[in-house]
Amino acid sequence: MSSTQSESPSARGNHPALRSCWHPVAYAEEVSEAPVPAELLGEPLVVWRDSGGAAHVFSDLCIHRGTALSLGTVDGDEIVCPYHGWRYEASGACVAIPQLADPTRVPAKARATRYEVVERFGIVWAALEDPRLPLPDVPELESEEWRTVSCGPYEWRCDASRQVENFTDFGHFPFVHPGLLGDPERPVVPAHEVRTEGSVLHYEIVRPEAPNTDDFPVFANVETEVPERRSRYELHLPYTIVLRLGWGGEEGMLYLFASQPVREDRCKGFLRIGRNYNLEQPDEVLRDFEDVIFDQDKRIVESQRPEQVPFDLAAELHLKFDAVAVAYRRAMRAERLAL
Ligand code: FES
Ligand SMILES: [Fe+2]
């Protein structure tokens, strides 16, 4: 019995249009001398970096005998298969077959499948077909004045759409993250509106929040109620969120969250957090905080059925404070990224 089927009876497969979107596949810092395996939309990939520092993403399959190239090595500007030592260059072309008596006889068919790749914001992004939507602009993550921390990545047994939706969900804060992100005494979701511009949803909210705790002094506010936190969101379809937090002054935080659609029932959340204050604070403080938050969400979201967001509005019950979830479903359909 196929384990995927038995575990996820209600997952319906990834929409083909997702192949032509950028998705995160690795943190840039993870990809150094050794090739790194990844999976995107059910496709096994290998991420590797050549001697000039450029990242490459190939199908994780040697055409000779189907061996995983991610088990191999990188030598200069070539990735070397671990089984018989065939060498592939950045274009995907095989440039050396050690078993050949005449090294010039490498057949043109000997190729690895290469995919679109771009490295930005400390993340390697890949697209399986020509990407039709751009990455967001996040100048904070490219500024000298901001310090950036990588968290996770957070691997969940659900579709990327559920992980993204959870990141947009306001109603759960007092229940799932009491004392950390929400105040159980104040569960009412403040009014907010969503403005959809093509493939980007914009919305913002000013909400009461929990005070900074002694364990996790990560935010720039000191007290519970004043100042309040203003959160400005951009949700870039299909699975990327840019969140800017402010407390009315110069101090700000920037969250870039992108969920990698590993398969229809698996995802991996990449989170880069920038801040322009507390610059001396060790990265672990923020990382440990996010690990706690994401762990609290994980068990809830992994329990949701179906594993993928049902994009038909009739499928779940939406109230006014679920405005983002409704707009997300509409926009994903309008942009033909979901059925
Ligand atoms: S399987 Fe890769 S070189 Fe033979
Ligand atoms: Fe949460």
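Leucine 41 counts as buried, at 13% relative accessibility (buried means under 20% relative accessible area, exposed over 50%, and partly exposed in between, using a 1.4 Å probe and protein chains only). This is a predicted model, where local features need pLDDT of at least 70, side-chain atom pairs count only at pLDDT 80 or more, and totals for chains, interfaces and linings use all residues. Residues are numbered from 1 along each chain as its sequence is written, chains are lettered from A and ligands numbered from 1 in the order in which they are written, and side-chain values use heavy atoms, with hydrogens and water left out.

**Backbone oddities**

- Most residues other than glycine have a negative phi, and most peptide bonds are trans.
- Leucine 41 has a positive phi, near 50°, and sits in the loop between strand S2 (36–40) and strand S3 (43–49).
- Helices (H or I, at least four residues) and strands (E, at least two) are DSSP runs, numbered from the N terminus.
- Asparagine 278 also has a positive phi near 50°; look for it in the loop between strand S17 (266–275) and H4.
- Asparagine 278 is partly exposed, with 34% relative accessible area.
- Glycine 152 and proline 153 share a cis peptide bond, with omega about 0°, and proline 153 is part of strand S11 (residues 147–156).
- Another cis peptide bond links arginine 305 to proline 306, with omega about -5°; proline 306 is in the loop between H4 and helix H5 (323–334).

**The iron site**

- His172 (NE2), His177 (NE2) and Asp297 (OD), listed twice, are the protein donors of the iron ion (ligand 2), lying 2.1 to 2.3 Å from it.
- Donors here are N, O and S atoms within 2.8 Å of the metal (3.2 Å for Na, K and Ca); water is not among the atoms, so sites may look incomplete.
- Along the chain, the donors follow the spacing H-x4-H-x119-D.
- Histidine 172 lies in the loop between helix H2 (160–168) and helix H3 (173–176) and aspartate 297 in helix H4 (residues 283–302), so this pair ties together parts 125 residues apart in sequence.
- Histidine 172 is buried at 12% relative accessibility, and aspartate 297 is buried at 5%.

**Cysteines**

- Searching the whole structure turns up zero disulfides (a disulfide is a pair of cysteine sulfur atoms within 2.5 Å).
- The sulfur of cysteine 21 is too far for a bond, because the closest cysteine sulfur, in cysteine 267, is 16 Å away.
- Cysteine 21 is buried at 1% relative accessibility, and cysteine 81 is buried at 4%.
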